[in-house]
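Hello! Here are some friendly notes to read alongside the model, set out point by point. Please keep the sequence and the 3D view open as you go.

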2 protein chains.
Amino acid sequence: MPRAGLSTPAVVDVALAIVDEHGLAALTLAAVAQRVGVAAPSLYKHVRGLDALLQKVSAAATAQLADVLSRAAAGKAGLDAVRAVADAYRRFALDRPGRYPATQRLPEPADPAHVAASERAVNTVFAVLHAYGITGDDAVDATRFIRSALHGFVSLEVGGGFGLPQDVDRSFDRLVGAIDTALRTWPRTS
Amino acid sequence: MPRAGLSTPAVVDVALAIVDEHGLAALTLAAVAQRVGVAAPSLYKHVRGLDALLQKVSAAATAQLADVLSRAAAGKAGLDAVRAVADAYRRFALDRPGRYPATQRLPEPADPAHVAASERAVNTVFAVLHAYGITGDDAVDATRFIRSALHGFVSLEVGGGFGLPQDVDRSFDRLVGAIDTALRTWPRTS
DNA sequence: CCTGGCTGGCTAATGCCAGTAGCTTTTGGG
DNA sequence: CCCAAAAGCTACTGGCATTAGCCAGCCAGG
């Protein structure tokens with residue numbers, strides 16, 4: 001019996017491939033095992049269980065999203081920055097509809113990479129807000145607003161929640177405009 | 001063997017109770033069967049299967065949400081109406097964290113009650129927008145914006161997505177304010 | 001009243017999944 | 001070269017959805 005030469009990262013990579021191809025719900029240990037040509041229980045040598053695998057997938061997806069966002073925001077400010085970040089966020093969700101929902105899992109405190117990725121994503125938004133002169137608790141509120149609007153939009157879009165035939169791109173452009181308007185007039189407490 | 005005297009609505013009611021008590025993920029046919037004191041396969045006499053039951057739960061939850069929203073909006077306009085609808089939406093999600101996610105399922109075209117409930121919810125938002133003078137395609141965009149912001153916020157809140165300790169109520173108030181500001185300055189095409 | 005058929009239950013069985021226990025084989029470091 | 005840790009394996013348990021096919025209760029029509 002030749003060994004398969006698995007490893008934890010290899011298992012996570014296969015999991016990501018399954019998620020990309022068939023969606024997050026299709027991620028099962030059985031599917032991973034079949035894909036790498038191994039019996040299902042063998043995976044427990046590399047991963048604590050399904051939930052731990054989901055957490056690692058979440059960490060990887062979140063790290064990728066954070067990359068995409070920070071790259072998009074680089075060197076921009078104001079509406080430009082908001083549009084760039086929002087477009088990048090939406091494109092990530094549409095391009096990788098399986099991976100995106102994984103980013104919504106709470107970061108695992110015991111996994112520093114996961115926590116760091118999550119913070120990197122939030123910090124990108126904070127940086128954008130800083131250019132609007134929004135800081136401190138005001139920035140917390142504004143970040144929640146932006147996350148809510150973006151997450152809400154793309155999750156509805158990916159889930160087919162927009163029943164009407166009207167142009168979704170235009171709706172998103174307007175959402176970006178609405179965010180910009182709101183940030184310009186954001187209440188300042190500090 | 002005395003009969004249990006089940007019926008489709010009775011099964012749905014039990015399903016709703018389970019969802020309220022233990023969350024949507026806990027809704028299984030086995031759980032419903034145990035609760036009503038019947039063997040699992042018996043449920044198929046009243047429901048096509050788990051997915052059909054989830055759809056009926058979604059229809060019921062959506063109808064209730066539509067009620068709550070339209071009641072909240074009644075007789076109000078402008079910021080008052082936005083705040084009332086937003087608060088009602090959020091309260092529904094927080095009060096019934098199991099039921100809320102069921103409202104996000106796409107309405108089943110073959111279930112007129114489901115479709116009607118969904119339309120009723122959307123129409124409530126449309127009515128609010130009308131008071132802002134937003135109609136037609138502009139209203140479609142604005143509705144998507146509002147749904148996105150509200151759904152995003154409450155799903156993040158319910159999911160524990162707001163890691164920071166800052167006051168979530170205040171963040172929501174500001175989100176409501178941001179929506180109002182955006183609607184006031186919403187682009188008019190028509 | 002009583003009887004036949006519909007209907008709502010049942011049991012048995014299949015198949016998929018996660019996870020545990022405990023065995024064997026490979027493999028690399030001393 | 002050897003031996004122990006690591007990486008596979010098989011066997012098993014228990015939970016779930018779903019299907020098939022059986023049987024009993026209940027109601028309508030004679």
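1. Let us start with helix H1 of chain A. Running over residues 8-22, this helix has 15 residues and reaches 21 Å from its first C-alpha to its last, close to the 21 Å expected at 1.5 Å a residue. The expected span is 1.5 Å times one less than the number of residues, and helices here are DSSP runs of H or I with at least four residues, strands being E runs of at least two, all numbered from the N terminus.

2. A word on conventions. This is a predicted model, in which local features need pLDDT of at least 70 and side-chain atom pairs count only at pLDDT 80 or more, while totals for chains, interfaces and linings use all residues. Residues are numbered from 1 along each chain as its sequence is written, with chains lettered from A and ligands numbered from 1 in the order in which they are written.

3. Which residues of H1(A) are buried? They are Val11(A), Val14(A), Ala15(A), Leu16(A), Ile18(A) and Val19(A). A residue is called buried if 20 or more other C-beta atoms lie within 10 Å of its own, exposed if 12 or fewer, and partly exposed in between, with C-beta atoms placed from the backbone. The buried residues of H1(A) pack against H2, H3 and helix H5 (99-102) of chain A; contact is taken as C-beta atoms, placed from the backbone, within 7 Å. After H1(A) comes Gly23(A), which has a positive phi near 95°.

4. Now chain A as a whole. Its secondary structure consists of 8 helices and 0 strands. Along the principal axes, the C-alpha atoms of chain A fill a box of roughly 65 × 40 × 25 Å. Of the 190 residues in chain A, 42% are buried. Among contacts in chain A with a separation of 6 or more, 69% are between residues 24 or more positions apart.

5. Moving to chain B, helix H4 (residues 78-95) has 18 residues and spans 25 Å from first C-alpha to last, close to the 26 Å expected at 1.5 Å a residue. The buried residues of H4(B) include Val82(B), Val85(B), Tyr89(B), Arg90(B) and Phe92(B). Against what do the buried residues of H4(B) pack? Their partners are H3, helix H5 (99-102), H6, H7 and H8 of chain B.

6. The pair H7 and H8 of chain B deserves a look. Helix H7 (residues 136-158) and helix H8 (residues 168-184) of chain B pack at an angle of about 175°, with their axes 11 Å apart. Axes are lines fitted to C-alpha atoms, for helices over the stretch in contact, and angles run from 0 to 180 degrees between N-to-C directions. H7(B) and H8(B) are therefore roughly antiparallel to each other, a label for angles over 145 degrees, with under 35 counting as roughly parallel, 65 to 115 as roughly perpendicular and the rest as oblique. On the H7(B) side the contact includes Phe145(B), Ile146(B) and Phe153(B), and on the H8(B) side Phe172(B), Leu175(B) and Ile179(B) are among the residues met. By class, this contact of H7(B) with H8(B) has 11 nonpolar, no polar and 1 charged residues. Here Ala, Val, Leu, Ile, Met, Phe, Trp, Tyr, Cys and Pro count as nonpolar, Asp, Glu, Lys and Arg as charged, and the others, Gly among them, as polar.

7. Next, the contact between the chains, which takes 29 residues from chain B and 29 residues from chain A. H7(B) gives the most to the side of chain B that touches chain A, with 12 residues. That side of chain B has 12 nonpolar, 11 polar and 6 charged residues.

8. For the DNA, 22 residues surround strand C, and the closest are Thr28(A), Pro41(A), Gly49(A), Ala39(B) and Ser42(B). Helix H2 (29-36) and helix H3 (50-73) of chain A are the elements that give two or more residues to the surface near DNA strand C; near means a C-beta atom, placed from the backbone, within 6 Å. The residues of this surface near DNA strand C divide into 14 nonpolar, 4 polar and 4 charged.

9. Around DNA strand D there are 22 residues, the closest being Ala39(A), Ser42(A), Thr28(B), Pro41(B) and Gly49(B). Helix H2 (29-36) and helix H3 (50-73) of chain B each supply at least two residues of the surface near DNA strand D.

10. Finally, is Leu50(B), in helix H3 of chain B, buried or partly exposed? With 15 C-beta neighbours inside 10 Å, Leu50(B) counts as partly exposed. The C-alpha atoms of Leu50(B) and Leu27(B) are separated by 8.6 Å, with their positions 23 residues apart along the chain.

Key
Contact = placed C-beta atoms within 7 Å.
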